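Please open the structure in a viewer and keep the selection tool at hand. The stops below say what to select next and what is found there.

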Amino acid sequence: MRILIVEDDPVLVSGLTRILESEGYAVDAVRSGEQAVLAAKQERFDLVILDVGLPGIDGFEALRRLRAAPHRVPVLLLTARDAIDDRVRGLDIGGDDYVAKPFAMPELAARVRALIRRSQSQAGPKVVHGPLVLDTVARRAYLRGAPLDLAAREWAVLEVLLANVERVVSKESIIQAVASWGEELSPNAIEVYVSRLRAKLEPAGIRVRTVRGFGYMLAEFVEP
Amino acid sequence: MSAGRSLRVQLLRRLLPPISALLAVGAVIAYYPVIGPARAAYDQALIDIGLALGERIRLENGVYALDLPVAAERVLRTDRHDQIYFRVLAPDGTPVGGDPGLAPPPPKAVPKEGVIAYDDRYADQPVRVVGVLVPCEGKVCTVQVAETTVKRRHLVRDIVLSSLVPTLLIAIATLVIVWFGVKRGLTPLARLSEEIKERSPRDLRPIEVEHAPEEAKPLVGALNDLFGRVAEANNNQQRFLANAAHQLRTPLAGLQAHTELALAQPVPEGCRTELEQVHLATIRTARLANQLLALARAEPGGNPEAGMQTLDIRRIVEGVADEWVHRALARDIDLGFDLGEARARGNEFLLREALANLVHNALEYTPSGGHVTVRTGTRAVEAGPQAILEVEDDGPGIPPEERAHVLQRFYRVPGTLGTGSGLGLAIVGEIAASHGANLEIGEPATTGKGCRVTLIFPVLPA
């Protein structure tokens, strides 16, 4: 996995580099948007961490030029600005996620993992979450290598949660993703599917957290 | 408005002398052209009497005599208002008939077309006298006819009245028009001052010059200029704060990254404590930078409507929910939501910031195992539905006597643990004010224990 960091503050670059390297990524760093565009043309990266406030062309412009290239690399925007406009603008022109400076490293690492996983699951048919593997083409699930029996609705709910690891997913959005047209699905039904999923996944250390009054969150898998 | 400074009183004071003078001049101007011909007409009547009397002078036996029958004399002397007197003098000046007491004409008087007219007194009354020279038997006799001045005085009075009354009415009308006209003329100014009075101190938008009366435009212009300068000064200060906070963040991010890296490595125990303190201080500084930025944004700027839109606060909460869930999980606090539709006019960035500060405080001060609930909803009041944003916890709460102080910047409740800057609630207060929302600090209604902060937004305009 190769990550390109585009950031002009050397202290932050060295910190980021070492943290990401310790997570097992190969890291390259450049200090300007122009260099970033050039580097992305020459090499293939799995993720670009792009600072918005760069000297020369800013992060938005760099992002626009990156998006003009045929290969769509996931981009995580870093910014010291946090005006909502910047966030919306960044995501509008093709940023995949957004982290406001300063940030805690575990949070950044989690976002990096999520972005890379997401881009790979789009590329490949298999979604992996710790001991859980979802083969989205064959529609089969495996837990610790053993086939896992999932009802269609359970599968659908799990897919939504897996696409949003470490993010809170509201019951409403689960209903929207799971229910077919013209079908009424109550929040209680979602609770039932989640409790069934829990019963199946928790023995393997996969935790689905309840956020009271809101929804659920599939926590990052931690080796026991 | 003191009488000395009232525009109306001043105007009236200045108008009164010239109007009075004009009235006087008007009366005089009206008087003279009328009085001359009128007097001449009355004089002519006397002259006619004189001529008629002249016809009656006879020379009999070398002696002039007046042949006037009693009936004719009565006719001559008849007048509705005045007494008429006459005297006829022979060419040598001896009286021939009439009232003997009438004095002869003053010696200096020069006859004009055979007539001498003058004022005199007779029987203790002012009289008008004409002396008419009439031919008698080849010589010239004089007939004096006098008349008391009652008619003439009436005439003067009538003329003066008839010219004064309309001018006086015009003058009174002028004053009345000025009195009310000024008031009416000043209503745009009164409206203007109402408009300025009703302004929120955060509203520094220029006043619309088009609506101001022409004369007040320089004033409005000067006010707008002042508004502009104040807004500019505010904006500069905000920009400075925002830039400073912004510039702090990148080095802080670097600092945080490195302390976290250092902490992830095996370090000697003494060193670890120091590093942890550095790490905490970094996080606190970063938070402070964020808060300063938020404060700069929430402060009154040039345009309070900037960034405002009609939104559902519930969506804002939903959008940022997972920013706090991790923190709550890490602190073993049950963070829950109770979300209903809450439509209000607001600035999304500022509302997120207010929310972040409220939730941060709740998570900070609630002990492990506690509960924090974020609530949005709509409350119906007489004026319509009001959006509510509320965060409550079952932590120690804020004692009632401290509630008034916690909105002050950098104020911390005495004896509070934790690492707050004392800015969080001040920011929430500023943001509430910028939204025209009420901020209530209390305790959860159900348990009565803990802290509940509620923002109540104004009813959306229809």
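In chain B of this predicted model, 66% of the contacts with a separation of 6 or more are between residues 24 or more positions apart. Select the whole of chain B to begin: its secondary structure comes to eight helices and 14 strands. Of the 462 residues in this chain, 30% are buried.

**First stop: an antiparallel sheet of chain B**

Select strands β4, β3, β7, β6 and β5 of chain B, which form an open sheet in that order with antiparallel pairing. The edges are held by β4 (95-98) and β5 (115-122) of chain B; each has a single partner strand, so one side of each is left without a neighbour in the sheet. On average, and with direction ignored, neighbouring strands here are turned by 25° against each other.

Within this sheet, display β3 (residues 84-89) and β7 (residues 139-148) of chain B, an antiparallel pair joined by six bridges. Which residue of β7(B) is the bridge partner of B:I84? The partner to pick out is B:E147.

**Second stop: a mixed sheet of chain B**

Next, select β9, β11, β12, β14 and β13 of chain B. In this order the five strands form an open sheet, and the pairing is mixed. Here β9 (334-339) and β13 (438-442) of chain B stand at the edges with a single partner strand each, so each has one side without a neighbour in the sheet. The average turn between neighbouring strands of this sheet, direction ignored, is 15°.

Narrow the selection to β11 (residues 371-381) and β12 (residues 384-393) of chain B. These two strands run antiparallel and are joined by 10 bridges. One residue pair to label is B:T373 with its bridge partner B:E392 in β12(B).

Now add the helices that pack on this sheet. Helix α7(B) lies across β11, β12 and β14 (451-456) of chain B and runs at about 30° to β12(B). Helix α8 (residues 424-434) of chain B also packs on the sheet, where it touches β13 and β14 of chain B. The direction of α8 makes about 145° with that of β13(B).

**Third stop: a pair of helices in chain B**

Keep α7 (residues 348-365) of chain B in view and add α6 (residues 313-330) of chain B. The two helices pack at an angle of about 35°, with their axes 10 Å apart, and their crossing is right-handed. To see the contact, show the side chains of B:I313, B:I316, B:V317, B:V320, B:W324, B:R327 and B:A328 on α6(B), and those of B:E348, B:L351, B:R352, B:L355, B:V359 and B:L363 on α7(B). These contact residues comprise 10 nonpolar, no polar and three charged.

**Fourth stop: where the chains meet**

Bring chain A into view. Of its residues, 25 are in contact with 26 residues of chain B. On the side of chain A that touches chain B, the elements giving two or more residues are α1 (10-22), β10 (168-170) and β11 (208-211) of chain A. The largest share, six residues, comes from α1(A). By character, this side of chain A divides into 15 nonpolar, three polar and seven charged residues.

**Last stop: a helix of chain A**

Finally, select helix α3 (residues 59-68) of chain A. Which of its residues are buried? They are A:G59, A:F60, A:A62, A:L63 and A:L66. Look down the axis of α3(A): these buried residues fall within an arc of 160°, so they line one face of the helix.

How values were computed. Residues numbered from 1 in each chain as written. Chains lettered and ligands numbered in written order. Predicted model: local features only at pLDDT ≥ 70, side-chain atom pairs only at ≥ 80, totals over all residues. Axes fitted to C-alpha atoms, helices over the stretch in contact; angles between N-to-C directions. Helix = DSSP H or I, 4+ residues; strand = E, 2+ residues; numbered from the N terminus. Left-handed = near helix turned anticlockwise from the far one by under 90°. Contact = placed C-beta atoms within 7 Å. Nonpolar A, V, L, I, M, F, W, Y, C, P; charged D, E, K, R; others polar. Pairing = 2+ DSSP bridges. Buried ≥ 20, exposed ≤ 12 C-beta atoms within 10 Å, placed from the backbone. Arc of directions from axis to C-beta.
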